[in-house]
Amino acid sequence: MTTDDLKFFAGLSVITLIVISLLVYLGLKLNKAVGKQAADISFPLNITMTGTALYACLVASWIYCAAVRVLRPESSLGALLNTPGGIATIVVGSILLFVIAGAILERFGYPISKRDDEQ
């Protein structure tokens, strides 16, 4: 991995984090506005801030991998992603990683979702 690859990956990471953070922020604002306008509507399961952040990280990792696959196919990660087994490995591995992260966060008191009767 060259210095140019590291600079590219760092820049892509920053851009991905900024975009995902902006989307999460706007989503939370929209959720708050809808909650005020339709207070009588109740959903049985509500995603917490931890869950929103965790799901955003999962989507960000997939966006990151898709960008690397298209923009840097000659890099080691790009070469892995250009194989069917590599894509399956990334998708299954990232889902497994985020399920484990969700379980760990819930164990430390940061659940990813709450039922209405728990609030």
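**Burial, core and surface of the predicted model**

Pro111 is buried, with a relative accessible area of 19%, which places this residue under the 20% limit for burial. The model described here is predicted. Pro111 belongs to the loop that joins helix 4 to strand 2, the latter covering residues 113-115. In space, the C-alpha atom of Pro111 lies 7.0 Å from that of Thr48, although 63 residues separate the two in sequence.

The protein contains four helices and two strands. Read from the N terminus, the order of these elements is α-β-α-α-α-β. Of the 119 residues in the protein, 23% are buried.

Helix 2 comprises residues 49-71. For its 23 residues, a rise of 1.5 Å a residue predicts a span of 33 Å, and the C-alpha atoms at the two ends are 32 Å apart, so the expected and modelled values agree. The buried residues of helix 2 are Gly51, Leu54, Ala56, Leu58, Ala60, Tyr64, Cys65, Ala67 and Val68. Met49, also in helix 2, is exposed because its relative accessible area of 52% is over the 50% limit. The C-alpha atom of Met49 is separated by 9.4 Å from that of Val24, at a distance of 25 residues along the chain.

The largest nonpolar core consists of six residues, namely Phe8, Phe9, Leu12, Tyr64, Ala67 and Val68. At least two residues of this core are supplied by each of helix 1 (3-37) and helix 2 (49-71). Tyr64, Ala67 and Val68 are among the buried residues of helix 2. In soluble globular proteins, nonpolar side chains tend to be buried together.

The structure has zero disulfides. Two cysteines may be described by their accessibility. Cys65 has a relative accessibility of 13% and therefore counts as buried. Cys57 has a relative accessible area of 40% and is therefore partly exposed. Cys65 is 8.0 Å from Leu77, C-alpha to C-alpha, with their positions 12 residues apart in sequence. Leu77 is located in helix 3, which covers residues 76-81. With a relative accessible area of 22%, Leu77 is partly exposed.

Helix 4 runs over residues 84-107 and gives five residues to a nonpolar surface patch, the largest share of that patch. The patch has an area of about 490 Å² and is made by Trp62, Ile87, Val91, Val92, Ile95 and Val99. Ile95 is placed in helix 4. Its relative accessible area is 38%, so Ile95 is partly exposed; this value is also over the 30% required of a patch residue. An α-helix has 3.6 residues a turn, so residues three or four places apart point the same way.

Leu105 is another residue of helix 4. At 27% relative accessibility, Leu105 is classed as partly exposed. The C-alpha atoms of Leu105 and Thr50 are separated by 8.1 Å, while the two residues are 55 apart along the chain.

Notes
Residues numbered from 1 in each chain as written. Predicted model: local features only at pLDDT ≥ 70, side-chain atom pairs only at ≥ 80, totals over all residues. Heavy atoms only, no water. Patch = residues over 30% accessible without salt bridge, like charges linked within 9 Å, V, L, I, M, F, W, Y side chains within 5 Å. Areas by Shrake-Rupley, 256 points an atom, 1.4 Å probe, with all protein chains shown as cover. Salt bridge = Lys/Arg side-chain N within 4 Å of Asp/Glu carboxyl O. Buried < 20%, exposed > 50% of the residue type's maximum accessible area, 1.4 Å probe, protein only. Disulfide = S-S within 2.5 Å. Core = buried A, V, L, I, M, F, W, Y, C linked by side-chain atoms within 4.5 Å. Expected span 1.5 Å × (residues − 1).
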